[in-house]
Amino acid sequence: VPTVVGPASSQTHNAYNTPRDLKEDADLTHVGRGTPGGELIRRYWQPVAYTEEVTDLPLKVRILGEDLVLFRNGRGEYGLVEQRCSHRGASLEYGVISDEGIRCAYHGFHYAPDGTILATGSGAPMANAGKLCHGAYPLRVFHGLIFAYMGPPEKQPPFQMFDIFDDPHITLEPGRSRSCINEANWVQISENGMDPIHTVWLHMITTGAQRGFSEEVSVVPVMQWVQTEAGIMYIACRRVGDRVWVRVNDKFMPNSGMIGPNDDMGGNKVDISQRPYQLTWAVPIDDVNTRRMYLMLNDDRNPLRAGQRERGFGQMNDRPYEERQRVPGDYDVTVSAGPIAVHAYENLTSTDYGVIAYRQTIRDNIRAVQEGGDPAGILRDPNARVRIRTQNTVVRVPPAATAEGDVALLKRIGREVADGDLLRTLPAV
Amino acid sequence: MTTTANSHLQTYDAYNSQRGLVDDSEFTRVGRGTPGGEFLRRYWLPVAYEQEVTDLPLKVRVLGEDLVVFRNGRGEYGLVEQRCSHRGASLEYGVISDEGIRCAYHGFHYAPDGTILATGSGAPMANAGKLCHGAYPVYPFHGLIFAYMGPPEKKPLFPMLDLYNDPNLSVEPGFERGASWDCNWMQINENAMDPVHTSWLHVVTTGTQRGFSDDVGIVPVLQWVMTDFGMQYIACRRVNDFVWVRVVDKLMPTSGLVAASDARAEQDKFSQPPNHCTFIVPIDDYNTRRLYFLFNEHRNPLQPVHRMRGFAQANDRSYEERQRRPGDYDVMTSQGPIAVRQYENLTTTDTGVIMLRNMILDGIRAVQEGRDPVGVNRDPNKIIHTRAQNTVLRVPPADTPEADEELLKELGRNVAAGEPYYRLQAV
């Protein structure tokens, strides 16, 4: 049972005595270099932009509280460099792109994508010429997303690959039109993905079924959360007649997750297993802003529908206030918890187990980094793959004789499905 | 009075002016645990108009606290902390039920008094049944929703004014008059005990402003008197054979009873009750909301102009217009987010401001020493006798200006001490 703190008040009409001025868990939530959470995130490749956002002009981006400039030189190579010129600090967003790199507009200092100083502008030598580089981070372009590694160079891992990327039926594409900014800390945005009960309340019961959710979502699932090699997963099993819908979602350390659709459990079919359709990141812009980035997985047996490429309902501040009050979505509830939600005020229940486990997994991996090890999901063998379990699998299993018996049955089926091979063997539709 | 100064013995000497002074008043800050904030939390304060509360929750900020006001399906009002006790989502997105409000995120369900009716998904909290969500008691009254935000054991009775039961009047919420000002509450509060600004700002400075008569431009003979609920000023103006006695009541901590400012001194035994009560409610240290009750006297009903927001009572005019004809909003907010009083140079006409500050400092001291501050009532039979009025009497001038000043002072005190003239006339 989770530890419960909170507005501990044993009396009604007692707001005067509720605790105030409690502080956020800075170790977990803050993202700056040198912070415990920030150092953990810096051990993973993070998406910083979509390739189509990079034009013939430099693109200013803010990631993990760092101001950077992304550009593509005349040879088509991408560079991610510190925003302020090493010479006198002018922003390289005003720089001029060259064949080799980017040249500062102010005095012509010229930088290669890797930070090499190609020229000191006026031609006058710098005192340390040949010894200094401009700050730069390595990049990897992958299916329309540009990933950066912003951690210690000697710890740079291979680019993280998932087993499903090898599935010949799956093609990957950037999900730029789903992308959005949420004005809150990344943890509260990301942890929502390990909280399947909010789907029942917020997306179904509170104000009716929202776009992207099918009727069966309102069935309160039997929930389990299980540690995986690269993070944790939830297994939500719903009893619908003699069918059981096993929904598994993966959360990978520290801030990404794989998700299957919520709006289609296959009609009345059984023995189907839908693959995930999106890999999503809650990328910290800074401590109090988060960009959500997407890589879409298109299964040729069950191709992406138009709505799945669009931004989901209630994912950002794109509706009038009254409408958001009448039908609040994920954005409204998660961002309204404050710029950085203060966990010390919370009163958690057993259905928050996934949130607690996710936060604990982050803390465990922060410790792993502090102790000099690799955190979960870092695979040093470039041919290794992260195993995914995300799926919507429907099987026919008549109900057990008693309600308690059926809960136990659903739990067992859920674990078997998550650990088994149905995802890879059953048809997608 | 103590005069701290920013004055100089030399011309062209701004270089040597004091700089860098900061607000160190005990009364300006409104947060819980601050001297002023604890003092303000011993009184019922209006937090919204009933007409603002629809079928949706209403987010409000009062005394630096973020809260949500709602009306449940039974018509009961609740004032609860904004962030859900479960995982902190704002209850402004909550769904109103018959019994209370349900958080949109996971369905935690709260009664208006903070009782946790259900923990959403049905999963029990570890402390279920022992915890309540933070809530404050509320009292809807004539269209305003009042809240008590202090220690539960110190909750006073709702202050009943004689005006609320005066058969000559009806009380209505003054929603159209209300506005938010971007400055500390105390400089707005002080303005009401400063009758000489009325002559200057509203008449002399740039001509008579809407809502004021030319007679207001006559600098009055001023007196300030402590009352059992606060203080009052008595401003007496000599206009030929008539004397206009204007009494304005300040009810601790921030409300004021004010009669119309557009009266004329030209008719014997003319008397008006206050036409509004203004509540100066701190949103936080730097923002203040003004809410109103209007008193509609049956014999002399309110005109449309009395229901509208007064001239320059909000940031609702262009900058140039505000420069050419500054009003209350412009002078008070321009004193700064929190006026730094150490820079002031006060005069005898600021006596009322000084008295009000001292009275509030006494109230702060009372709270700190465990006593009730002035204006807190625990006697259910006690009615607050108000004196605010405009009364005009025919009283020919005395022989000398000095004697006339004494005559006006005595007349003013007698009017303020007795039963208000408008009530005597109505009987």
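**Entry 1: the pocket I opened first**

For my tallies, Ala, Val, Leu, Ile, Met, Phe, Trp, Tyr, Cys and Pro count as nonpolar, Asp, Glu, Lys and Arg count as charged, and the others, Gly among them, count as polar. I should also note that I am working on a predicted model.

With those classes in hand, I looked up the largest pocket, and its volume came out at about 850 Å³. It is lined by 36 residues, and Pro19(A), Arg20(A), Asp21(A), Tyr345(A) and Arg83(B) are the closest to its centre. I sorted the lining of this largest pocket by class and got 13 nonpolar, nine polar and 14 charged residues. Which element gives the largest share of that lining? I found that strand 3 of chain B, residues 65–71, does so with three residues.

**Entry 2: the second pocket**

Next I went to the second largest pocket, which has a volume of about 730 Å³. I listed 45 lining residues for it, with Arg178(A), Ile259(A), Asn262(A), Gln278(A) and Asp330(A) closest to the centre. The elements of chain A that each supply at least two residues of this lining include helix 3 (186–191), helix 4, strand 16 (243–252), strand 17 (256–259) and helix 7. By class I have 13 nonpolar, 21 polar and eleven charged residues around the second largest pocket.

**Entry 3: closed spaces**

How many cavities of 30 Å³ or more does the rule give? I got seven.

The largest cavity has a volume of about 590 Å³. I counted 35 residues in its lining, and those nearest its centre are Arg177(B), Phe212(B), Val258(B), Ser261(B) and His276(B). Several elements of chain B supply at least two lining residues each, among them helix 2 (185–191), strand 16 (242–251), strand 19 (276–284) and helix 6 (328–333). Helix 3 of chain B gives the most to this lining, with four residues. My class tally for the largest cavity reads 15 nonpolar, 13 polar and seven charged residues.

I then turned to the second largest cavity, at about 260 Å³. Its lining has 23 residues, and Tyr43(B), Trp44(B), Pro159(B), Met252(B) and Ser255(B) are the closest to its centre. From chain B, strand 1 (44–49) and strand 19 each supply at least two residues of this lining. Sorted by class, the lining of the second largest cavity has 18 nonpolar, four polar and one charged residues.

**Entry 4: where the chains meet**

I moved on to the contact between chain A and chain B. Chain A brings 47 residues to it and chain B brings 46. Together the two chains bury about 3900 Å², with 56% of it on carbon and sulfur atoms.

How many salt bridges does the rule find across this interface? I noted six. One I looked up is Asp195(A) with Arg87(B), whose side chains meet at 3.3 Å, N to O. I also have 27 residue pairs in polar contact between chain A and chain B, both partners at pLDDT 80 or more.

On the side of chain A that touches chain B, helix 4 (196–205), helix 6 (321–326), helix 7 (330–335) and helix 8 (353–370) each supply at least two residues. Helix 6 of chain A has the largest share there, with five residues. I split that side of chain A into 17 nonpolar, 20 polar and ten charged residues.

**Entry 5: Arg87(B) again**

Over all chains, I find 58 salt bridges in the structure. One of the pairs is Glu191(A) with Arg87(B), where the closest N and O atoms are 4.0 Å apart. Why does this pair join two chains? Glu191(A) lies in helix 3 of chain A, while Arg87(B) lies in the loop between strand 4 (77–81) and strand 5 (95–96) of chain B, so the bridge joins two chains.

**Entry 6: backbone oddities**

Before checking the backbone, I reminded myself that most residues other than glycine have a negative phi, and that most peptide bonds are trans.

In chain A, I found a cis peptide bond joining Met253(A) and Pro254(A), with omega about -15°. Pro254(A) is in the loop between strand 16 and strand 17 of chain A. In chain B, a cis bond joins Met252(B) and Pro253(B), with omega about 0°. I placed Pro253(B) in the loop between strand 16 and strand 17 (255–258) of chain B. I had already met Met252(B) among the residues closest to the centre of the second largest cavity.

Last, I looked up His13(A), a residue other than glycine with a positive phi, near 45°. His13(A) lies in the segment before helix 1 (26–29) of chain A.

Key. Residues numbered from 1 in each chain as written. Chains lettered and ligands numbered in written order. Predicted model: local features only at pLDDT ≥ 70, side-chain atom pairs only at ≥ 80, totals over all residues. Heavy atoms only, no water. 1 Å grid on protein atoms, 1.4 Å probe; cavity = no way out; pocket = protein on both sides within 12 Å on 5 of 7 lines; lining within 4 Å. Points joined across faces, edges and corners; volume = space filled by probe spheres on them. Contact = heavy atoms within 4.5 Å. Buried area = accessible area lost by both parts, 1.4 Å probe. Polar contact = N/O pair within 3.5 Å; in protein donor to acceptor, adjacent residues only side chain to side chain.
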